[in-house]
Amino acid sequence: MSKLLKWMLSLSLIALLAGCRSKENSDEIAIYQLPNQSYSQMMSYIIESNGTTIVIDGGTIDDEDYLVEKIKEISGDNIVEGWFLTHYHKDHTGALAQYLESDKADIEIKKIFYNFPEETWVSEYEPNRLLDIKQIDAQLYKIKENVVVELNMNINLGDVVVDVLRTYNPEIIQNAGNNSSSVYKFVVNEKEILFLGDLGVEGGVELMELNGEAIKNMDYVQMAHHGQAGVSENVYSLINPSYCLWPTTDWLWKNEDGAYQTDETKSWINKLNVKENYVAKDGLIRIDLK
């Protein structure tokens with residue numbers, strides 16, 4: 001073996017070991033709220049905790065490239081240990097569906113967690129969204145360790161604990177797709193973060209009935225349905241968050257034509273002792289959870 005080849009192999013081994021050490025020794029504990037890369041509303045979060053990388057939803061097709069680049073920057077080893085989906089709408093699953101369809105190898109996804117209705121149910125109760133679920137369903141098989149979450153399931157990923165507090169209920173057909181949202185409570189470094197997805201009024205009532213005690217006094221809450229027309233005020237009052245995560249675009253936040261219920265939701269939050277509102281319209285936001 002030539003000296004040049006030995007030197008090149010040594011450099012490659014050093015780089016590989018350095019990458020492994022970077023991941024293993026990473027002490028970052030943070031949540032990232034990603035902004036929309038197109039006009040569309042969307043929802044996308046990355047949690048990094050001592051070398052464990054977790055994604056929640058991910059946004060639209062137009063958000064895919066930005067999301068993947070951020071995962072690579074944040075993770076250190078391009079591995080996502082768990083990808084959690086709240087529901088099947090394309091502004092939440094489009095980026096993941098697009099990435100899986102492309103067959104790229106930029107990142108490795110170990111497990112996807114979700115609970116979606118059957119396509120026949122969507123065809124009956126939300127036919128205009130049938131293509132959304134077909135697109136994500138068609139790609140999920142590419143990940144070997146898919147997990148269909150169940151009510152009160154407890155999931156451990158590294159030092160992150162996830163409780164499934166609510167899943168799709170086929171009997172709730174009002175606001176069908178949004179109310180199919182699974183609700184996840186993440187415990188990261190003793191901080192409790194509640195993800196509501198696009199949960200609506202009816203789903204919010206069920207959540208309180210199923211797990212009212214478990215959602216009290218959260219450190220962080222993701223505002224349901226982008227901060228408008230989501231769960232009712234009494235749900236937020238029960239959650240009583242210290243901080244609010246708004247996956248909300250500039251046009252939705254401003255609500256200049258008054259077409260949305262964003263202002264009403266803001267008024268509810270203003271009554272609580274919320275320390276800070278983090279809004280996606282403001283760009284990439286990193287929140288230290290140490």
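**Exercise 1. Residues with positive phi**

Determine whether Asn-152 is buried, partly exposed or exposed in this predicted model, and compile the backbone and loop setting of Asn-152.

*Solution.*
Step 1. The relative accessible area of Asn-152 is 48%. Buried residues lie under 20% and exposed ones over 50%, so Asn-152 is partly exposed.
Step 2. Asn-152 belongs to the loop that connects strand 8 (145–148) with strand 9.
Step 3. Although Asn-152 is not a glycine, its phi is positive, near 70 degrees.
Step 4. Glu-190 may be treated in the same manner. Its phi is also positive, about 70 degrees, and it is likewise not a glycine. Glu-190 sits in the loop between strand 11 and strand 12 (191–195). With a relative accessible area of 73%, Glu-190 is exposed.
Step 5. A further positive phi, near 60 degrees, is found at Asp-103, which follows helix 3.

**Exercise 2. Confidence of the model**

State the mean pLDDT of the chain and identify the stretch over which pLDDT stays under 50.

*Solution.*
Step 1. The chain has a mean pLDDT of 93, and 91% of its residues reach 70 or more.
Step 2. Over residues 3–22, pLDDT stays under 50.
Step 3. For residues 3–22 the model has four contacts beyond four places in sequence.

**Exercise 3. The sheet that contains strand 1**

Give the strand order of the open sheet that includes strand 1, and describe how strand 1 joins strand 2.

*Solution.*
Step 1. The sheet is open and has seven strands, in the order 8-7-5-3-2-1-16, with mixed pairing.
Step 2. Strand 8 and strand 16 (285–288) are its edge strands, each pairing on one side only.
Step 3. On average, neighbouring strands of this sheet are turned by 20 degrees against each other, direction ignored.
Step 4. Strand 1 and strand 2 run antiparallel and are joined by five bridges. Within this pair, Ile-31 has Ile-47 of strand 2 as its bridge partner.
Step 5. The loop between strand 1 and strand 2 (44–49) includes Leu-34. Leu-34 is buried, at 2% relative accessibility. Beyond four places in sequence, the contacts of Leu-34 include Met-42, Ile-46, Tyr-66, Leu-67 and Leu-284.

**Exercise 4. The sheet that contains strand 10**

Describe the open sheet that includes strand 10, and establish which helices lie against it.

*Solution.*
Step 1. Seven strands, in the order 9-10-11-12-13-14-15, form an open sheet with mixed pairing.
Step 2. The edges are strand 9 (154–157) and strand 15, which pair on one side only.
Step 3. Strand 10 (residues 160–166) runs antiparallel to strand 11 (residues 183–188), and five bridges join them. Arg-166 stands opposite Val-183 of strand 11.
Step 4. Helix 6 (residues 201–211) lies across strand 10 and strand 11, at about 115 degrees to strand 10.
Step 5. Helix 9 also packs on the sheet, where it touches strand 14 and strand 15; its direction makes about 165 degrees with that of strand 14.

**Exercise 5. The buried face of helix 9**

Explain why the buried residues of helix 9 line one face of the helix.

*Solution.*
Step 1. The buried residues of helix 9 (residues 262–270) are Thr-262, Thr-265, Lys-266, Trp-268 and Ile-269.
Step 2. Viewed down the helix axis, these residues fall within an arc of 160 degrees, so they line one face of helix 9.
Step 3. The general principle is that an α-helix has 3.6 residues a turn, so residues three or four places apart point the same way.
Step 4. The buried residues pack against helix 7 (233–239), strand 14 (243–246), helix 8 (250–254) and strand 15 (276–279).

**Exercise 6. Helix 3 and the nonpolar cores**

Identify the element that gives the most to the largest nonpolar core, and describe its packing.

*Solution.*
Step 1. The largest nonpolar core has 31 residues, and Trp-83, Ile-109 and Ile-112 have the most contacts inside it.
Step 2. Helix 3 gives the most, with five residues.
Step 3. Buried residues of helix 3 (residues 90–102) include Leu-96, Ala-97, Tyr-99 and Leu-100. The partners against which the buried residues of helix 3 pack include helix 2 (64–75), strand 7 (111–114) and helix 5 (130–140).
Step 4. Ile-112 is in contact with Leu-96 and Leu-100, and also with Trp-83, among others.
Step 5. Another core, apart from the largest one, has 26 residues, among them Ile-29, Met-43, Val-164 and Tyr-220.

Terms used: Residues numbered from 1 in each chain as written. Predicted model: local features only at pLDDT ≥ 70, side-chain atom pairs only at ≥ 80, totals over all residues. Heavy atoms only, no water. Buried < 20%, exposed > 50% of the residue type's maximum accessible area, 1.4 Å probe, protein only. Helix = DSSP H or I, 4+ residues; strand = E, 2+ residues; numbered from the N terminus. Arc of directions from axis to C-beta. Contact = heavy atoms within 4.5 Å. pLDDT = per-residue confidence, 0-100. Pairing = 2+ DSSP bridges. Axes fitted to C-alpha atoms, helices over the stretch in contact; angles between N-to-C directions. Core = buried A, V, L, I, M, F, W, Y, C linked by side-chain atoms within 4.5 Å.
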